[in-house]
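Visitor: I would like to know how the labels on a structure are earned. Please take me through some of them.

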Amino acid sequence: MSNSTSLIASDIEAYLKVHENKDLLRILTCGSVDDGKSTLIGRLLFDSKMIFEDQMAAIEKDSKRFNTTDESFDLSLLVDGLQSEREQGITIDVAYRYFATEQRKFIIADTPGHEQYTRNMATGASTADLAIILIDARHGVQVQTRRHSFICSQLGIKHVIIAINKMDVVNYDQGVYQAIKKDYREFAESLEFDDIRFVPISALKGDNVVNESDNMPWYPGSTMMKLLNTVSVNRDKSSTFRMQVQYVNRPNLDFRGFCGTVASGDIRVGDTIRTLPSGKESKVQSIVTFDGQLEKAYEGMAVTITLEDEIDISRGDMLVRPHQLPYSSNSFDADVVWMAEEALQVDREYVIKVGSKSVYGYVEKVNNRVDVNTLEVSNSSYLALNEMGSCRFALNEEIQFDSYKVNRSTGAFIIIDRLSNVTVGAGMIRNALDDKDITHKKEHSEFEIELNALVRKHFPHWGAKVIS
């Protein structure tokens, strides 16, 4: 290893050591096309001194090739990494960037504004604690603004910062800012946000992003960076212990551990746990990590738990406290974001994957479809690409879960096509259903399920089901 490489490695190690114990905030930026989402992230990193010299050199080089403005460099190129993104000047894929301040660490996701990439935007929002929704000061609240705000609300984001960008283009007019602020508040009354902040900015010029703006003395609030450093999201985390087993580790006859990431809450050595679906109970004997044994594990930690008793536990089983039980059901209602070109079909078998547990199931009916542009709810029998709606699911076996509003980790799932193995949808569970709520429930053999899927693919004109 060369001296320069060693120096870079040591710098990274020192940087991580300084910031490793800080609180982590996951953010996404969203809004209409060309509102300046990528430029805002670039400005945050640039003014926070988080861009290295080699990155700056690459940005300046690419700016001369792709940029059509008079600026010496285009900060949006820092996150728009795909060749097609740079050529078209738009964001297509979700780009993640990491940075840290003296107060906390951040993972920020830059999501697309185009309607055809709604599924990409929903992916970025699924893990975010806070959303920065950009609004172009020239255009105000647009269709994409409403769509992304609705998706953020549905995906459980409670904290939003409304960044009214390009204030330099409207001559830093306070009246423009106040009018947009009023319009958005009226629209957001129907959404489930707990905390909405507004800040007028110019991502291109740097006004109120990291540094206070001299051009808007009428704005008494905080800069974007100050809001990010001070917003509190800890109260949104569930205190209920949940951990799904991802792997059973048995390297020898003397050790049998259950590996997984703590989805929520915490667990200590000596605590009583119950394993689901078996219902068997035991006490935690040890909590093992790569760095050694711990007395306590908490949300986000990847650990291996050993128990005092020999219990049959497999991948996909859930470890909980006996007095904090989740739902156990084979049917539920859920909000779904559909991500495939081929529409969601009622009664078609899919793989439903909740955490590390995969089961077969189907959509019994589409309760309703929501127009994400107007928020209008209508009846429908299917969901097309990028559409959202409420669906009723029936599974071939019981699974353990929580309501998405209570616990985002154990209330979310993905839908996988059985033939292509492609993820075609994502869901947020509302609640479990009793047997009396199910219109019909059918059991299929593996052969019948495969036959139905093959016939639907190659002979769609025959109907939804061949064997019923």
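Guide: The turns below set values against definitions. This is a predicted model, in which local features need pLDDT of at least 70, side-chain atom pairs count only at pLDDT 80 or more, and totals for chains, interfaces and linings use all residues. Residues are numbered from 1 along each chain as its sequence is written, and side-chain values use heavy atoms, with hydrogens and water left out.

Visitor: Why is Arg-321 called buried?

Guide: Buried means under 20% relative accessible area, exposed over 50% and partly exposed in between, with a 1.4 Å probe and protein chains only. Arg-321 has 14% relative accessibility, so it counts as buried.

Visitor: What makes the link between the side chains of Arg-321 and Asp-271 a polar contact?

Guide: A polar contact is a pair of N or O atoms within 3.5 Å; within protein, one must be able to donate a hydrogen and the other to accept it, and residues adjacent in sequence count only if both atoms are side-chain atoms. The two side chains are joined at 3.1 Å.

Visitor: How do you know that β9 is largely enclosed?

Guide: In strand β9 (residues 255–264), 8 of the 10 residues are buried, so the rest of the structure largely encloses it. Strands are DSSP runs of E, at least two residues, numbered from the N terminus.

Visitor: What makes β8 and β9 a pair?

Guide: Two strands pair if DSSP finds at least two bridges between them. Strand β8 (residues 247–252) has 4 bridges to β9, running antiparallel. One bridge partnership is Asn-249 with Gly-257 in β9.
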